[in-house]
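User: I'd like a close look at a single part of this model, and then whatever else is worth a look around it. Here it is.

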Amino acid sequence: MKKQLRNTLWAFCLWAIPLWVQAQSTRMVSGYMRDAGAGLPGVNVKNLRTHQGTSTDLDGRYEIRALTGDTLSFSFIGYVETYGLVTDIGVIPLSKRNPKATTESSVTKWWDKIQQGRYGADSISGVPRVFFQTSEEGVPEGVATLEDDSPTYTVRGGNLSASELWLIRPRMGKRYVIRRLPDQDRFWGVEYATGFGMGWATQRPALQSTFAQGRPLNGMPTWQGPQTGEIYSWGPRIDLLTYDGIPTPYNEQGGLILATDPDTETPQTTDPYAALQATLQYYQALRLQIPLGGWNRLHLQARQNQHRGLWPGEGTQGHGFSASLPKSWGNDLQIEARTEFEQIEGQLTPQGNHHAMLWSSLLRTPATFDNAAGLEGREALANPMVYTAADGTIRSHAPGQADNPFGLLATLPDEEYRRKWASNAAVVWNPTYEINLGVQGNHLAQLHQRTWGMAPGYGGWEGGRISERTVRTQQAKVRAFGQVNAEIFGFYYGPFLQLTVDYQWDYLEQRLQRTDAFGLETAEGQVLWTGQADRTESIAETPQRSVHLATGKLEIAQPWQYVYGHTSATYYTSNTLPTAGEWMGNVWAQADFEEMMWIPGTERLQVTGGWEYTLEEAPILLNHWAYASTGLSVADYHQAYDVGEVVAPSGLLPQYQQSWLAELRYSSDRWEAWLGDYSTHLDVTVRYQRDNYRQWIAPAWTGTAYELMNTAAVREDRWRAQSTVGWRYGNKRRKNLSLELTWERYRNQVRSIASPSEVVPIAGFQEAQTVLTPDHPVGVLYGTAYARDEAGRMVIGTEGFPLVADELQVIGNPIPDWTGTLRLLWAIKDQWSFSTTLRRVQGGEIWNGTQALLDYWGRSQTTADLRQTAGYVFPGVTEAGQVNQVPVNFAGADAPVSENRWVRYGPGGVAEAYVQDASHWRWQELAVRYRYQDFPEGKPVQALEISVVGTNLWQPTEYAGVDPNQSLLGYAAGLGLDLFNMPSTRQFTAHLTLTF
C-alpha cells in the first residue's frame, strides 16, 4: 500500500510539472554562489524573458525578480553558463543546451520516453527520483555552487516545500545548491563587519626554577655569575645560595649582592614566560553595492586590520581596497573588471634565526636573572635599564654575547613592508548557446621590503650586521579560450559533448636588490642605522620566466548522469625550460551506478577514476634560511639566517608528476521515520591517490654554495575515507545535526637519489636533520645515534655512559601513521549554528632539539628532577660484549660539569635520545553563530550576524616540546625538527556583521 501511494504521488508530480510554468506568480529569487567554499562575487544572473539581471555581491549573494516559468541564466567569466527554471518550489536547473525550450515540451519528451519503456514500462519506480534532495548538513541558507566546468542540469520533477533547503544534483558530477528566500526589494547594499580576537601561547617547554647559575667546584655547590663566564644553570639550589652565611639576592646581572648592602632584598626567581604577551587582532570591513543602471552594480570593499604578536613591540597594521564591476550588453556579451590593493607594514613575527635567538634566549634565562629589571610589558621594552647596565654595557646572562631577550627585541630590527596591487579583466561572448568565446587578463605588482639585523655579539657576527632586501614582482597572465557544445547525433537526450581550446601566457619577473652591511657602531645597546659599516656586500638579480600553454580539452556526458568524462592535452613551453617544450595531459571518468540500475534506497553510487601527467618548474628566486642550517652545528643555530640568494640555474629540469586517482562515493537519504518530521542522510567517500615524481627539486650543497637541483625520484600514496551522517528534524525539518568523520593516511618513499652520497640534507643541522635517502620517506629524521652491537644493544664505554656511533643514522619518521577528524555541526532555523572539530594525529616522530639544549644548559625541568640521580646503570654491553655494570652519577657535585650526563655529549646531545612520539589530540575549533534577519520593514538594518570562534583550544600530548604541528624555522621540509620552534596560540575571536 505504501509503495502504491508513493508511485501515485510520483505520477502526480510528473503530470503537475507543466502546470507550474503556467502559474504567473511574481517572486524574488535569491541565492548565494560560491566556489571552493568561498562566496563568488560578480556572477551574472539574468532573466532571459525580461533581459534584466543582477550580479552577486562580494559574499556571492544575489536577488532577482521573476515570474513562475521564467528562465534564469548563471554565468561568470571563465565558467560554463548554466540555466534554471523558476517554479513555485524554487529554481529547477535546465539543460544549458537549449534553455529556451519550454518546460512543458521538455517534460513531455521525458514522459514519452518513460512511457516508451526507457526506464521500465511497467514500473514507475524506474524513474529517477526527484533531483531535489535534502542538502548536506551545514550548508547555509540560499547557497549555490558554481564551479569550473559547471554541469548540465536536467529536470527530474518533484514537489517539495520551498521552506526547505534543497540540493540539486547535476548531470556532470558537480553540486549546485539554491533556495528561494523571502521577497526583498533592495538594490543598494551596505554591509559592515568587524572582529576582535585574543590569543595566548600554548605548549611551552617545562622549565625549572630551582637551581642557580653556576657549577660544582671542589665538591661544593658554588654559585658563579655571568661575569665569570658561566652560562649554565648547574649551580646549587636557589634557597641554598649564601654570601657570608645568609640568603642573598641578586643584582641586575644576576650576580650576588653583599648581605651588608642596605638595599638587600629577599631573593626572587624569574619567570621567563612573563616576557610574552597576549596576541591581539582587530579588523573592520565595509562593503558596498552601488546600482549603475539596469542590472549592473559596482562592488566596493575597504578593510583595515591590526595585529599584536607574542613579543613586546611586535605588531603590524594593514589596509586594503577592492572594486569589481560586471557588465553585460544584450544577451551575448559580458565584461568584468576587478582591482585590489593591499598594504601591510610593521615589526612582524621574528623569522629565521631571529626568532630562534629570541626564543632560546628566553628559555635559557636563569631564574636568578631579572629579564625585565622589575618592569613589565612595553615599559620594560622602552626602558634601556632592561638591557644595559649603569656603565653602558649590555646586560646579559650570557657573557660575551648580548643575550637578553629584551635587549634582543630592542636591538634586532625585524621590519617588513608589503604592498600588492592586482587587477584582472575578462570578456566573454556567447553568440549562440553552442559557442562560448572569451579573453582574460590578470596583472600583479608586488613590493616586498624587509630589514633585519644582528647587533655586535649576536649570530656569530662579532661586529654585527644589517641586511636590507627589496623584491619587486611583476606577474601577468593572458588567456584566450573557445568552447563548443554539441549534441552527438543531434538527439536532445543523447550524449552531450563539449570541446574547449585554450591558450595561456604567463609572465613572471622578480627584481632583487639586497645589501648586507658588516661591522656596525653601537651606543647604549642600540644599533645605529646611520653608523658606518666596515664593509658592505650587494646582490642584484632580475630573473624572469615566460610560459606558454596550449590546451585542448574534450568532455562527454551521457544523459541522467550515467557516465561523464574528459580528456585534455597541454603543450608547455618557457624560456627557462631546457627543452623545446613538454606535453602534459589527463584522462578522467565518472560513472553513477545508481542512475544506471536504480538501486532502491540509494541516492548515489558513484565511481571516479583518473590519470594526470603534469610538470612544475623551480621558483626563479628562492630565499629561505632553513636549508642553509644543514651545514651548521646545533650550537650555531643562531647563524642559520646568514644565507645568500638562490636563483634557479639554467638547465634545471622541471619536476614531473604522474598521478592516479580512484574514488567511490555512496549517498543515501531514504532513512525516514514515519512518526514525526525526521529524516537521515548518509554520505560515504573512499579515495586513493598515487603520485610519482621525477627530478624532485630541492636546494642542495654543491661544495661551494647552495643551488636548486634535481635530487630524487619520489612516490606518494594517499588514502582518505570520509563519512557524514546528517539528521533533519523538528517543525518542517528546520533543525539540522550532522556528524562528519574523516580518516587520512599518507605515505611516501624516495625511490632514487641523484647524488653520489645517497643522502641529501634538506633541513636541520649537522647532528639532526631531515634528508632524502633511498627507500625511506621524504624528510626522514637522520642524526647522531648511540653505538650498538649486532643485536641492537647499546655499547657502554668504560666511564659507564653510552658511546656514540661514528656515522649518522636514520633515527625517526615524522610522517604520522594516520590522522582522524571529527566534526559536529548543529543548526536551528537558519539562525543558530554550532560547530566543533576534534582532530587526532596518531604516530609520527619529532627530534626535540629544544629539550636537548635546555638539558645541556641545565634549564629543563628534566634536569631539575634527575640531576641528583646517583648509581644509575645504563642498560647495554661493554665494548668487550659483557653486560654493563658500571654505575654513574648524572650530575654529581664531585664531577666537572663537562662530564655530567647532559653536557658530556655537547649542545645537541645524542639526537636519537631526543626523538619523541608526536601523537596528539587537538580540539581545533569551537564556533557559535547567530543570524537575525527578521527586522521590521523600513528599518535600516536588514540582517545581523554575530559569531564567536575559539581555535586550538586543547592539545593533550606526551610530546615534551612545542606544538607538534610546528616545523623548524617555519620550513615545510623541517617538519619533525624542533629547535626553538615558536609555540602556537590559543585564539578566541568575536565577529559582528551588519547588513543595511
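How many contacts beyond four places in sequence does the model have for residues 1-26, where pLDDT stays under 50?

Analyst: The model has 43 contacts beyond four places in sequence for residues 1-26, a stretch with pLDDT under 50 throughout. Bear in mind that this is a predicted model, and where pLDDT is low, the predicted coordinates should not be read in detail. So I'd leave the fine detail of those contacts alone. Residues 244-248 also stay under 50, with ten contacts beyond four places in sequence. Over the protein chain, pLDDT averages 76, and 71% of the residues score at least 70.

Now for some local features, starting with the salt bridges. A search of the whole structure turns up 24 of them. Strand β25 (496-518) is a handy place to begin. Arg-514 sits in that strand and Glu-645 in the loop between β33 (621-622) and β34 (646-647), so their pairing ties together parts that are 131 residues apart in sequence. Their side chains meet at 2.9 Å, N to O, and Glu-645 and Arg-514 are each buried. The pair also belongs to something wider: Arg-469, Arg-514, Asp-516 and Glu-645 are linked in a network of salt bridges.

Another salt bridge joins Arg-511 and Glu-509 at 3.0 Å, N to O. Glu-509 is buried because its relative accessible area is 14%, under the 20% cut-off. Arg-511, at 44%, counts as partly exposed.

Further along, the side chains of Arg-904 and Glu-799 meet at 2.3 Å, N to O. This pair links distant parts of the chain, 105 residues apart: Arg-904 is in the loop between β47 (877-878) and β48, while Glu-799 is in the loop between β42 (795-796) and β43 (809-812). Arg-904 is partly exposed, with 26% relative accessibility.

β48 (915-917) turns up again as an edge strand, along with β51 (977-978); each pairs on one side only. The sheet in question is open, has three strands in the order β48-β46-β51, and shows mixed pairing. Within it, β46 (residues 845-848) pairs with β48 in the antiparallel sense over three bridges, and Glu-845 stands opposite Asp-917 in β48.

On the surface, there is a nonpolar patch of about 570 Å², made by Trp-429, Ile-435, Leu-437, Val-484, Leu-499, Val-501 and Leu-554. β23 (435-454) and β25 are the elements that give two or more residues to this patch. One of its members, Leu-437, is in strand β23 and is partly exposed, at 34% relative accessible area. Patch residues must have over 30%, so Leu-437 clears that bar with its 34%.

Finally, a couple of backbone oddities. Most residues other than glycine have a negative phi. Glu-758 goes against that, with a positive phi near 65 degrees; its place is in the loop between β38 (735-753) and β39 (760-764), and it is partly exposed at 35% relative accessible area. Asp-775 also has a positive phi near 65 degrees, and is found in the loop between β40 (768-772) and β41 (780-783). Asp-775 counts as exposed because its relative accessibility is 56%, over the 50% cut-off.

Methods
Residues numbered from 1 in each chain as written. Predicted model: local features only at pLDDT ≥ 70, side-chain atom pairs only at ≥ 80, totals over all residues. Heavy atoms only, no water. Helix = DSSP H or I, 4+ residues; strand = E, 2+ residues; numbered from the N terminus. Buried < 20%, exposed > 50% of the residue type's maximum accessible area, 1.4 Å probe, protein only. pLDDT = per-residue confidence, 0-100. Contact = heavy atoms within 4.5 Å. Patch = residues over 30% accessible without salt bridge, like charges linked within 9 Å, V, L, I, M, F, W, Y side chains within 5 Å. Areas by Shrake-Rupley, 256 points an atom, 1.4 Å probe, with all protein chains shown as cover. Salt bridge = Lys/Arg side-chain N within 4 Å of Asp/Glu carboxyl O. Pairing = 2+ DSSP bridges.
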